[in-house]
Amino acid sequence: MKILLLGGTGTLSSEVLKLSQEKGYSVYILNRGNNNTSINKNVKVYIADLNCKEKVKSVLQKEKFDVIVDFFSRTKEDIINLFPIFSNRCKQYIFISSACVYCRDNENKTPITENTAKPNRLWDYNIHKFEAEQSLIQLSNNSESYYTIVRPYITYDKKRIPLGITPAYKFHRTIIERIKNGKPMFVWNNGETYCTLTYSSDFAEALVGLFLNPKAKNEDFHITSDYCYKWKEVLTTLYEEMHQVPQIINVPIKTITDLLPEYKGELIGDRSLNAIFNNQKIKNAVPELQFKVSLREGIRKVISFYETSNDFYYDYKYDARIDKLLSQVTKKHIKYIKYPHSNRNSKITYLLHRYLPQKIANRLNLIITQIRK
């Protein structure tokens, strides 16, 4: 089987690539080439900006595939640009959407199915993903290939901590060091909101099981595990596995969104809402599928990675703003701590974002960075 991954280096796609190779499939990836250093030499890599249609056509030439998995598209415009290029190059086009598209609230604990109403209009991301789905369905009517829509929810791996509000993926060690150094973390709704967490290798088992699967033809699936937790349980497990006493502060949602406005859509339109799923449809389509990695096992993998990794990337802007938030709520002063192997800008970055308005802090941080270069 010949597989093309649009992306190929993210939390989801890297596991899909690995499993596809283990099954003996011929795997190709197409991306901008910015993060391909760890790609197996047996993987054929096409370099192109997926926003540039002519470049994509040029590098692929007349190449055809059995399955193309689109980890890239986020909007209907992305689908409108890309699908016509690939629709005559594959049998099956799999679009990775999001389980955030389902309508839900914090009162109803009825498990979500693929037939649950859509879209959830509380966050632009949800709307964009749903519109992309609809564009794909419409475009595929006159296509040589068929579509499969896949909706993951919160999916994590050894590098990614599955919390509600986190720094960028590369900087999750920041959370590890906060907890190791006795800094508190926080929840909302008293940590009682339910979330479903899926480890990336389990997601890959399900997705690869849909490759050229007759039950996947022009169908949609959410790939969500059997493991459902309250957010307080997630944080408590992280503290416990690090042998730390939990310090978890409940913060009103409005306080969070006032001080961290960039997280408003994600929090109000997703993380503050119950996310409980009925995953029978994917289990019926892939009968051998088993969700093997529980939260505690997954957290142990995360901690083990950061105990042995030499990647010391910290987001001191995130660290400072969480300290500002929790100092305001608790009325206790939470101060700067230098984490292992921090760079020389860390304290300045922290102090700027801890004590100044964000626009001013961002501007000064940029000026200082440019001067030091």
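In this predicted model, the largest share of the lining of the second largest pocket is supplied by α1, which gives 6 residues. That pocket holds about 590 Å³ of space, and its lining is made up of 20 residues, with Thr 9, Gly 10, Ser 14, Ser 38 and Lys 159 lying nearest its centre. Sorted by class, the lining of the second largest pocket has 4 nonpolar, 11 polar and 5 charged residues.

Helix α1, which spans residues 11-22, also belongs to the lining of the largest pocket, where α1, β2 (26-31), α4 (124-140), β7 (154-156) and α9 (264-271) each supply at least two residues. The space in the largest pocket comes to about 1600 Å³, and of the 50 residues that line it, Thr 11, Phe 71, Arg 74, Tyr 125 and Arg 160 are the closest to its centre. Which element gives the largest share of the lining of this largest pocket? That share, 4 residues, comes from α9. By class, the lining of the largest pocket divides into 22 nonpolar, 19 polar and 9 charged residues.

From the pockets the reader can follow α1 to a sheet. Its 7 strands form an open sheet with parallel pairing, and their order is β3-β2-β1-β4-β5-β6-β10. At the edges of this sheet are β3 (44-47) and β10 (219-223), each of which pairs on one side only. On average, and with direction ignored, neighbouring strands of the sheet are turned by 20° against each other. At the β10 edge, strand β6 (residues 146-152) runs parallel to β10 and is joined to it by 5 bridges; one residue of this pairing is Arg 151, whose bridge partner in β10 is His 222.

Two helices can be placed against these strands. Helix α1 lies across β1 (2-6), β2, β5 (92-96) and β6, and the direction of α1 runs at about 155° to β2. Helix α2 (residues 53-60) packs on the sheet as well, touching β2 and β3, with its direction making about 150° with that of β3. Strand β2 is thus met by α1 and touched by α2, and β2 is also among the elements that supply at least two residues to the lining of the largest pocket.

A further sheet, again open, has 3 strands in the order β7-β9-β11, and here the pairing is mixed. Because β7 and β11 (228-230) stand at the edges and each has a single partner strand, one side of each is left without a neighbour in the sheet. Neighbouring strands of this sheet are turned by 40° against each other on average, direction ignored. Strand β9 (residues 194-199) and β11 pair in the antiparallel sense over 3 bridges, and within that pairing Thr 196 has Cys 228 of β11 as its bridge partner. Helix α6 (residues 200-208) packs on this sheet and touches β7 and β9, its direction making about 75° with that of β9. Strand β7, besides its place at an edge of the sheet, supplies at least two residues to the lining of the largest pocket.

The next feature is a cavity. A search of the whole structure for cavities of 30 Å³ or more finds 1, and the largest cavity holds about 90 Å³ of space. Its lining consists of Leu 163, Gly 164, Ile 165, Met 185, Phe 186, Val 187, Trp 188, Trp 231, Leu 235 and Tyr 318. Both β8 (185-187) and α7 (231-241) supply at least two residues of this lining, while the largest share, 3 residues, comes from β8. What classes of residue make up the lining of the largest cavity? There are 9 nonpolar residues and 1 polar residue in this lining, and no charged ones.

The last stop is a pair of helices, α12 (residues 316-330) and α13 (residues 346-355), whose axes come within 8 Å and cross at roughly 35°. The crossing of α12 and α13 is right-handed. On the α12 side, the residues in contact include Tyr 316, Asp 319, Arg 321 and Lys 324, and among those they meet on the α13 side are Thr 349, Tyr 350, His 353 and Arg 354. The residues of this contact divide into 4 nonpolar, 4 polar and 6 charged.

Notes: Residues numbered from 1 in each chain as written. Predicted model: local features only at pLDDT ≥ 70, side-chain atom pairs only at ≥ 80, totals over all residues. Heavy atoms only, no water. 1 Å grid on protein atoms, 1.4 Å probe; cavity = no way out; pocket = protein on both sides within 12 Å on 5 of 7 lines; lining within 4 Å. Points joined across faces, edges and corners; volume = space filled by probe spheres on them. Nonpolar A, V, L, I, M, F, W, Y, C, P; charged D, E, K, R; others polar. Pairing = 2+ DSSP bridges. Axes fitted to C-alpha atoms, helices over the stretch in contact; angles between N-to-C directions. Contact = heavy atoms within 4.5 Å. Left-handed = near helix turned anticlockwise from the far one by under 90°.
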